Amino acid sequence: MSAPLNLVNLERVHKAHGTTVILDDVSLGVAAGERIGVVGRNGGGKSTLLGVLTGAQEPDSGRVTRRGDIAMGVLDQSGTLPPGTTVRDVVLPPSMFAAEHEWAGDPAVRSVLAGLELDRLGLDSPVAPMSGGERRRVALAAQLIRPLDLLVLDEPTNHLDVEGVAWLAEYVRQRAGGLVVVTHDRWFLDEVCTTTWEVADGSVHAYDGGYSAYTLARAERARIASVTEDRRMNLVRKELAWLRRGPPARTSKPRFRIEAAQALIADEPPARDTMALAGFAARRLGKTVYDVEDVDYSVQTEDGPRPLFRDLTWHVGPGDRIGIVGVNGAGKTSLLKLLVGENRPDDGKVVVGQTVAPAYLSQHVTELPPRARVLEAVQDVARIARIGNQEISASSLAERFGFAANRQWTPVGDLSGGERRRLQLLRLLMGEPNVLLLDEPTNDLDIDTLTALEDLLDHFPGTVLVVSHDRYFVDRVCDSVVALLGDGSLAALPGGVEEYLARRAAGGAPLTTASGGSGTAAVPVAPVASAADSRAARKEASRLERRMLKLDADEKTLHEQLAAAAADYGKAAELDARLRAVRAEKEQVETDWLAAAELAEG
C-alpha cells in the first residue's frame with residue numbers, strides 16, 4: 001500500500017524575524033489523516049511554523065507546496081470575529097446551512113454546539129460584547145463543523161474547562177481529516193496526537209506518538225548524544241518516571257517501549273517524598289490551614305444574587321495538595337478568594353491558621369511593575385529563596401523559568417503574556433510562602449516551564465491548592481481532587497478527574513460532600529456502571545505496580561544477604577527460602593498486573 005499523499009510540504013524553509021532565526025532549513029510534511037502536536041518553548045517558533053504551513057506567512061527562502069484542492073481551517077490565537085455578527089452568523093452561516101433543519105438534524109453539529117457550550121450562549125447572541133474566552137469558543141466551533149482536509153489549531157484548549165478539553169479531544173480524534181495543533185496541554189497531546197513536532201533552535205524534530213513517546217524519545221536522544229545539560233535531562237527523567245509510575249490512567253496504557261523506559265528510570269526516585277513533605281508542612285503550619293465552616297456565598301447578577309455556596313464546610317490541612325475542578329461559573333476562583341480574604345462570606349466563617357503565609361496566583365498579571373527589569377522585579381521580593389531543602393538565588397530561579405541571563409534585563413513592560421505569567425510565579429515563590437493558591441497556573445506556560453514548575457512544587461513543603469483545566473498538571477502535582485458542580489457544595493473525588501468526567505457524563509449526579517483536605521469521601525460514592533470496572537482495574541494495576549517495585553527491592557536485598565551469609569549454612573537456607581517466596585509472589589503479582597492492565601484498557 002502506498003503512503004498517503006501529503007497535504008502540505010515544506011522544503012528547506014528558512015524564516016527569520018530580524019536577526020533571530022526562527023526556522024532554519026526545515027523540511028517536513030503533513031499527510032492526510034495525520035494528527036500532529038507541536039511543542040516547544042514560548043517564542044521558539046511554533047506559531048511561525050503554523051503561519052508558514054497555512055500561508056499566513058511566507059518563508060524567506062525554501063518552498064511550501066499545498067495540495068490544490070485542499071480545504072484548510074485555521075484557529076489562531078487572536079480570536080478575531082467579523083464585527084456586527086451573531087453566533088449563528090459565524091458558526092452556522094447561510095452559505096453552509098440554508099435552513100435550520102439542515103444543521104439541527106446533523107448530530108456532529110449539535111455535538112459541537114453542546115460541547116463548546118454555545119447552546120447556553122444562545123445562537124442569536126452578538127459576538128461583540130462577549131469575553132475573549134467566549135469569542136474563542138465561537139471561532140473554534142466555526143472551524144470544527146466544516147468538512148476540512150486539514151485543521152490547524154493554535155492553543156485550542158485555552159478557555160475550556162476540563163470537561164470541554166475532554167470533549168474536544170474525543171471530537172478531533174474521531175474526525176477524518178488531518179490535524180496540526182499547538183498546545184501545552186500534555187494530556188491532550190497524549191490523547192489526540194499520532195506525531196509530535198518539537199520546535200527548538202530553528203529546527204523541527206519529529207517523534208512518533210504523543211507526549212509520553214516524545215518524552216522518552218527526547219531523553220533517549222539526549223542520552224545517545226551525551227548531552228551535558230544535566231538539569232534539563234534530570235527534569236526529563238523525572239517526568240518520564242512519573243509517566244510510568246503515576247496515576248492509574250497513565251500506567252494502564254503506556255504509549256512507549258516499557259523496557260527502554262524502565263532502563264532510563266531505574267535509579268530515579270519518586271517525584272516527591274510525600275511523608276517527609278507532610279511532616280515538614282505540619283511543623284511549619286501547625287494543625288490548621290483553612291477551616292471553612294457553614295459558609296454561604298452569592299454573587300450579584302442582572303437577575304439578582306446567585307448562590308455559589310450553601311452551608312459549605314471544608315478543612316484544608318498542612319501538606320494537602322488539592323486540585324479543584326468544576327464547570328465554568330461554579331465558583332472555583334471565588335472559593336480561592338474566600339480563602340485569601342478577597343471575598344467575604346454572606347454567612348458562616350473562614351478560619352485561617354495563625355502561621356499561614358499564603359501566595360495567591362490570580363488569572364491576571366496587572367500587579368507586575370512595568371518599568372522594572374525582570375531580575376529587579378524578582379529581587380524586589382527577595383534575593384535568595386528557600387524551597388524545601390534548596391536555597392535558590394533570584395537569578396538561578398529566573399533561569400529555571402526560562403529567563404536566560406540576557407533576558408533577565410528586559411523591561412517587564414516588553415514581556416510577552418507567557419513571560420509575564422512566568423515572572424508572576426517567580427515573584428510568588430521568592431516570597432517563601434507556606435501555602436500556594438494557584439488559579440489556572442498553566443495558562444500561557446510552555447511544557448518546559450511547566451516541568452520546571454512541577455519540579456519546584458515537588459520540593460515545596462506546604463499546602464498547595466490548584467484550580468486548573470489542565471488535568472495532567474492536576475494529576476502530576478495534586479494528591480487529591482475536589483469538584484464544584486454548581487449545586488453549592490464541594491465534592492470529594494477519590495477517582496480524580498476521571499471520576500468527575502464520568503459523573504458529569506452521567507448527568508451531573510451529586511457527589512459525596514468533601515469535608516476533609518485529604519479528599520476522602522465521608523460516605524462511599526456509588527460507582528458509574530459504564531466506567532467502574534476499568535477505573536477499579538486501573539487502581540488495582542497501580543497498586544500491583546507499587547508491589548512489584550517493593551518485591552524487586554526485597555529480592556535485591558536478599559541476594560546481597562545471601563552473598564554475605566555464604567559461610568553460614570543455616571542462615572543461607574533461611575534466606576534462600578525467603579527468596580523463593582518473594583520470587584513466587586512476584587510472578588503472581590506480575591500475572592495479576594497484566595490482567596488488570598488488560599481490563600483497564602477495555
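Which residue stands opposite Leu75 in strand 6? I looked it up and found Leu153.

**Ground rules.** I am reading a predicted model, where local features need pLDDT of at least 70, side-chain atom pairs count only at pLDDT 80 or more, and totals for chains, interfaces and linings use all residues. Residues are numbered from 1 along each chain as its sequence is written, and side-chain values use heavy atoms, with hydrogens and water left out.

**Strand 6.** I noted its range as residues 150-154 (strands are DSSP runs of E, at least two residues, and helices are runs of H or I, at least four, numbered from the N terminus). Strand 5 (residues 72-75) pairs with strand 6 in the parallel sense over four bridges. Pairing here requires at least two bridges found by DSSP. Strand 7 (residues 178-182) runs parallel to strand 6, joined by five bridges. Gly178 in strand 7 is the bridge partner of Leu150.

**Burial.** I checked how covered strand 6 is: five of its five residues are buried (under 20% relative accessible area, 1.4 Å probe, protein chains only). Leu150, Val152 and Asp154 lie on one side, and Leu151 and Leu153 on the other. In a regular strand, side chains alternate between the two faces of the sheet.

**Another sheet.** I then turned to an open sheet of three strands, ordered 11-10-13, with antiparallel pairing. Its edge strands are strand 11 (304-316) and strand 13 (347-352), each pairing on one side only. Strand 10 (residues 290-301) pairs with strand 13 over five bridges in the antiparallel sense. Asp291 stands opposite Val351 in strand 13.

Key
Buried < 20%, exposed > 50% of the residue type's maximum accessible area, 1.4 Å probe, protein only.
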